[in-house]
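This briefing goes through one protein structure by topic. Please look at the sequence and the model before reading on.

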Amino acid sequence: MVRITIFLYTFAAAIKILVLQAVIMSFDTALTTGGHRTRMQIAGFVSFTFLGYLCIGLPLAVLPIYIHKTLGYSEIVAGVIISLQYVSTFIVRGISGKQVDTRGPKPVVLISMIGFMASAILMFAAFKTQEDRMLCLVLLAVTRLITGCAEGMIGASPINWAMLAVGERHTATAISYNGIASYGALAVGAPLGVLISEHWKIEYIALWIFIIPLTGLLYALSKKAVTGRFKAKPIGFFKVLKLVAPFGVCLGLAGLGFGGLSNFITLYYDYFHWPGAALCLTVFSVLFITGRLFFANQINLRGGLRVSLVCLVTEMTGLIVLFLATHPHTALAGAAITGLGFSLVFPALGVEAVKLVPPSNAGAALACYGLFIDLSLGVTGPLEGAVINVFGMEYLFLFCAFTILISIIIIWRLLQRKGKNRL
């Protein structure tokens, strides 16, 4: 068992090195084509996303097991507590988008970093009161709600900060890099959280979640504030929501696959008595990053709808592999395919959504669009927890694949409608 664990973590480290080399190669290519400065600017802004999602990723693989095994609550309770984060994120997204469009992204990023620091303090208090199971659970619930508020603030604000600094023509790059930052942070954070809880105390996770956003807060204070100056009058929030809804629904359905993987993969591996659950999240995230590094330009070449269709089919294939897996190595392959498929869904559909609104509503459009992934991840816990209880843990990823199929049908119809409009 020890040898297998060492092998799995060594394998993960090797993949991370390969991806890092790919990142360096992409920046070298950018230098020769004159885009190095712009890409580095964008990377500087989305670093806030990396710090925020590192705070989210650290407890991601630990809390479900902690709530289920240490505190003794059911899988549904564990899923509900984890998903509370996405409920508050859903509520805060709209507020965040409006603040970005009116006051600029810098104040929103600062509030986000402070929110993560507050969640760390409450998480530390929760771990210290685990003898009182109910009090510990309540504190963890409040922690997840505050974390969700912080995520809602950090979600689109670094993208808008980058767009205001480098221009709207780099929207696809900003969205892609932001996703690399978020899922890269999850790739690092999930196994790191497991290692911290195993080799030190679980309270150290809360300590790191305090230090990381404190660093981000100081860095954000040093950066220049940027606000947009638009001639066009902004349109109403609900009109923006209606415009982006078709793309958001598809994103939300695709997000159920990721939500099932991130929320339940530790319990899924535990059900089959497999080692290396945290590695499964890492492999997903690494292939997610690889997809964005090497294929993001396909959005500009082939259009967001076509790219999203291919990605959704790939994601569904990966989920089916996970469902059919009889060995942890096969499950890793399924997670890799799922990550590669999910990689460009957000930017591909996001670019199409932002095109529908004036520049003065770019922040609101991204916020509204992000609401659907928050809603998706918010219902993942109770919905997929219920699926597990009714049909069994082994049918989790078959259910996720079915939801992706619905999204594929919607995208196919949108493509057909777009072709008719051109005629």
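In which helix is leucine 312 found? Leucine 312 is found in helix H13, which covers residues 304-324. The model is predicted, and its secondary structure comes to 17 helices and 0 strands. The points below start with the whole protein and then turn to single helices and residues.

**Overall make-up**

- The protein has 423 residues, and 57% of them count as buried.
- About 18,000 Å² of the protein is exposed, with carbon and sulfur atoms supplying 68% of that area.
- Among contacts with a separation of 6 or more, 86% are between residues 24 or more positions apart.

**Leucine 312 in helix H13**

- Leucine 312 has a relative accessible area of 0%, so this residue counts as buried.
- Not counting residues up to four places away in sequence, leucine 312 touches Ala254, Val345, Ile404, Ser407, Ile408 and Ile411.
- From leucine 312 to leucine 340 is 28 residues in sequence, and their C-alpha atoms are 9.7 Å apart in space.

**Phenylalanine 48 in helix H2**

- Phenylalanine 48 belongs to helix H2, residues 36-57.
- The relative accessibility of phenylalanine 48 is 0%, and the residue therefore counts as buried.
- Its contacts, with neighbours within four places in sequence left aside, are Val109, Met113, Ile154, Pro158, Trp161, Gly216, Tyr219, Ala220 and Lys223.
- One of these contacts is Ala220; phenylalanine 48 and alanine 220 are 172 residues apart in sequence, with 8.0 Å between their C-alpha atoms.

**Helix H11 and the loop before it**

- Helix H11 runs over residues 277-295, and at 1.5 Å a residue its 19 residues should span 27 Å. The C-alpha atoms at its ends are 27 Å apart, so the model agrees with the expected span.
- H11 is mostly covered, with 15 of its 19 residues buried.
- Valine 286 is found in helix H11. Its relative accessible area is 4%, under the 20% cut-off, so valine 286 counts as buried.
- Valine 286 and glycine 184 are 102 residues apart along the chain, yet 6.9 Å separates their C-alpha atoms.
- The loop between helix H10 (237-272) and H11 holds histidine 273.
- Histidine 273 is not a glycine, but its phi is positive, at about 60°.
- With a relative accessible area of 70%, histidine 273 is exposed.

**Salt bridge**

- How many salt bridges does the structure hold? There is 1 salt bridge in the structure, formed by glutamate 203 with lysine 128.
- The closest N and O atoms of glutamate 203 and lysine 128 are 3.8 Å apart, and this pair counts because the cut-off for a salt bridge is 4 Å.
- Glutamate 203 lies in helix H9 (residues 203-222) and lysine 128 lies in helix H5 (residues 105-128), so the salt bridge ties together parts that are 75 residues apart in sequence.
- Is glutamate 203 buried or exposed? Glutamate 203 counts as buried, at 13% relative accessibility.
- Lysine 128, at 51% relative accessibility, counts as exposed.

**Nonpolar surface patch**

- Val87, Phe90, Ile91, Leu375, Val379 and Leu383 make a nonpolar surface patch of about 470 Å².
- At least two residues of the nonpolar patch come from helix H4 (75-103), and at least two come from helix H16 (362-391).
- Valine 379, one of the patch residues, lies in helix H16.
- Valine 379 has 35% relative accessibility and counts as partly exposed, because that value falls between the 20% and 50% cut-offs.

**Cysteines and disulfides**

- A disulfide is a covalent bond between the sulfur atoms of two cysteines.
- Searching the whole structure gives 0 disulfides.
- Cysteine 250 has a relative accessible area of 0% and is buried.
- Cysteine 311 is also buried, and its relative accessible area is 7%.

Notes. Residues numbered from 1 in each chain as written. Predicted model: local features only at pLDDT ≥ 70, side-chain atom pairs only at ≥ 80, totals over all residues. Heavy atoms only, no water. Salt bridge = Lys/Arg side-chain N within 4 Å of Asp/Glu carboxyl O. Helix = DSSP H or I, 4+ residues; strand = E, 2+ residues; numbered from the N terminus. Buried < 20%, exposed > 50% of the residue type's maximum accessible area, 1.4 Å probe, protein only. Patch = residues over 30% accessible without salt bridge, like charges linked within 9 Å, V, L, I, M, F, W, Y side chains within 5 Å. Areas by Shrake-Rupley, 256 points an atom, 1.4 Å probe, with all protein chains shown as cover. Expected span 1.5 Å × (residues − 1). Disulfide = S-S within 2.5 Å. Contact = heavy atoms within 4.5 Å.
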